[in-house]
Amino acid sequence: MKITVLDVNTLTIGDLDFSCIDRLGDTEYYDVIPHSDLADVLKDTDAVLINKAEMTREVIEQLPKLKYIGLFATGYNNVDLEAASKQGISVVNVPGYSTDAVAQHVFSFILMKASNMPLYNEAVHRGDWVYSESFSFFPYPINELAGKTLGIVGYGNIGRKVAEIGHAFGMKIMISTRSPKADCPYIQTDIETVFREADYLSLNCPLNDKSSGLVNSKTLHMMKPSAFLVNTSRGGVVVSSDLADALNNGIIAGAGIDVLPVEPMPANDPLLKAANCIITPHIGWAAAEARKRCVEMVADNIESWQNGNAVNVVNSHLL
């Protein structure tokens, strides 16, 4: 069985071991390659493993030997499921591998906002504390999370973990999800209420027709002027220009953004110069432990499929 692994440089800085995949077939590895070259690179492969490569209908229809598309990711919006299913190709993801890492990243943003630690670090290194008359120097606001409302859009693995951490801080948790969850111990309500009442709003939903552009001028104007928005889901959930306008005009107090509609970030993205916007380069998932877990789960997925016991097949209903 020939296995082609793409997007290797999006997964590792030389710190991952891929031997768990090597043992499953004849493997070839590539870094990010141009979309126009995908069909040629994959023409003789039985299984392809990808992170962000676009497996479009045009590419898939040129690959009659391909039977398996495995993702180093939970999201699979970069694969045309209908085209894959039509050719009998299983599309398999890795749910849950980055839950702890992404939830941790959500609270990195929230704590930076609540404690203003980056500003305090800069002030101390600038010498402001050295010349302070008081033992304690606090020109920037510091707020407790206890008692604040944490709104969470999406209640999958990551949303649940974010809720647990927020609850541990003593926050009031409000959940908006497509379908009510019987086992959810927190307040479940409609999306408009979450936008209006959240002091911190965390987006942890998949990108689909309903969530695309969810955060826009209208929904941002529902939010408190003191509210802080966190997006670690998918860039397309937020209309970047609308968020930039809201930040620059004080409609909301700030945002922590780890994902953008176009990645890498374009030089002209309006959020790059927006006020009170903390941006990280899509690293919420990238903790060393999470990336190692991801590779191991990808290997387990392939082995299960080879043995006729396929798991995590996202297009099973179409095959």
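1. Let's start with one pair of residues: Lys-2 sits across from Asp-26, a residue of S2. That is a handy way into this predicted model. The two strands involved are S1 and S2 (residues 26-29), and they pair in the parallel sense over 4 bridges.

2. Stay with S1 for a moment, which covers residues 2-5. Lys-2 and Thr-4 point one way from the strand, while Ile-3 and Val-5 point the other way. In a regular strand, side chains alternate between the two faces of the sheet. Are these four buried or exposed? All of them are buried, Lys-2 included.

3. S1 has a second partner, strand S3 (residues 47-50), again in the parallel sense, this time over 3 bridges. Here Val-5 has Leu-49 of S3 as its bridge partner. Follow Leu-49 onward and you land in S4, where its bridge partner is Gly-70. S3 and S4 (residues 68-71) run parallel and are joined by 4 bridges.

4. Now put those pieces together. What is the strand order in this sheet? It goes S2-S1-S3-S4-S5, an open sheet of 5 strands with parallel pairing. S2 and S5 (90-92) are the edge strands, each pairing on one side only. From one strand to the next, the twist averages 15°.

5. Look for helix H11 (residues 288-306) while you have this sheet in view. H11 lies across S1, S3, S4 and S5, and runs at about 155° to S4.

6. Asn-93 is worth a click too. You'll find Asn-93 in the loop between S5 and helix H5 (99-115). Why does Asn-93 count as buried? Its relative accessible area is 7%, and the cut-off for buried is under 20%. A polar atom of the Asn-93 side chain lies 2.8 Å from the backbone oxygen of Thr-74. Setting aside residues up to four places away in sequence, Asn-93 touches Leu-71, Ala-73, Thr-74 and Tyr-76, and also Asn-301, Asn-312 and Val-314.

7. On to the nonpolar cores. How many residues does the largest one have? The count is 28, and the residues with the most contacts inside this core are Leu-201, Leu-229, Leu-243, Leu-247 and Leu-271. At least two residues each come from helix H8 (191-197), strand S9 (200-203), helix H10 (240-248) and strand S11 (254-257). H10 gives the most, with 4 residues. Apart from this core lies another, of 26 residues, including Ala-47, Tyr-97, Trp-285 and Val-313. As a general point, nonpolar side chains tend to be buried together in soluble globular proteins.

8. Leu-229 gives a good close-up of the 28-residue core. Not counting neighbours within four places in sequence, Leu-229 is in contact with Leu-201, Leu-203, Val-215, Leu-243 and Ile-252, plus Gly-254, Ala-255 and Gly-256.

9. Next, Asn-231, which belongs to strand S10 (residues 228-231). Asn-231 counts as buried because its relative accessibility is 0%. The Asn-231 side chain reaches the backbone oxygen of Arg-234 at 3.2 Å. Leaving out residues up to four places away in sequence, Asn-231 touches Leu-203, Val-238, Gly-256, Ile-257, Asp-258 and Val-259.

10. Asn-231 also has a side-chain partner: a polar contact of 2.6 Å joins the side chains of Asn-231 and Ser-233. Where does Ser-233 sit? Ser-233 is in the loop between S10 and H10. With a relative accessible area of 6%, Ser-233 is buried. Beyond its neighbours within four places in sequence, Ser-233 is in contact with Leu-203, Asn-204, Cys-205 and Val-259. Ser-233 and Asp-258 are 25 residues apart along the chain, yet their C-alpha atoms are separated by 8.1 Å.

11. Finally, zoom out to the whole chain. There are 11 helices and 12 strands, and of the 319 residues, 46% count as buried. The C-alpha trace spans about 70 × 45 × 35 Å along its principal axes. How does the radius of gyration look for a chain of 319 residues? A compact globule would have a value near 20 Å, and the chain has 22 Å, which agrees. Among contacts between residues at least 6 apart in sequence, 62% join residues at least 24 apart.

Notes
Residues numbered from 1 in each chain as written. Predicted model: local features only at pLDDT ≥ 70, side-chain atom pairs only at ≥ 80, totals over all residues. Heavy atoms only, no water. Core = buried A, V, L, I, M, F, W, Y, C linked by side-chain atoms within 4.5 Å. Buried < 20%, exposed > 50% of the residue type's maximum accessible area, 1.4 Å probe, protein only. Contact = heavy atoms within 4.5 Å. Pairing = 2+ DSSP bridges. Polar contact = N/O pair within 3.5 Å; in protein donor to acceptor, adjacent residues only side chain to side chain. Axes fitted to C-alpha atoms, helices over the stretch in contact; angles between N-to-C directions. Rg over C-alpha atoms; globule rule 2.2 N^0.38 Å.
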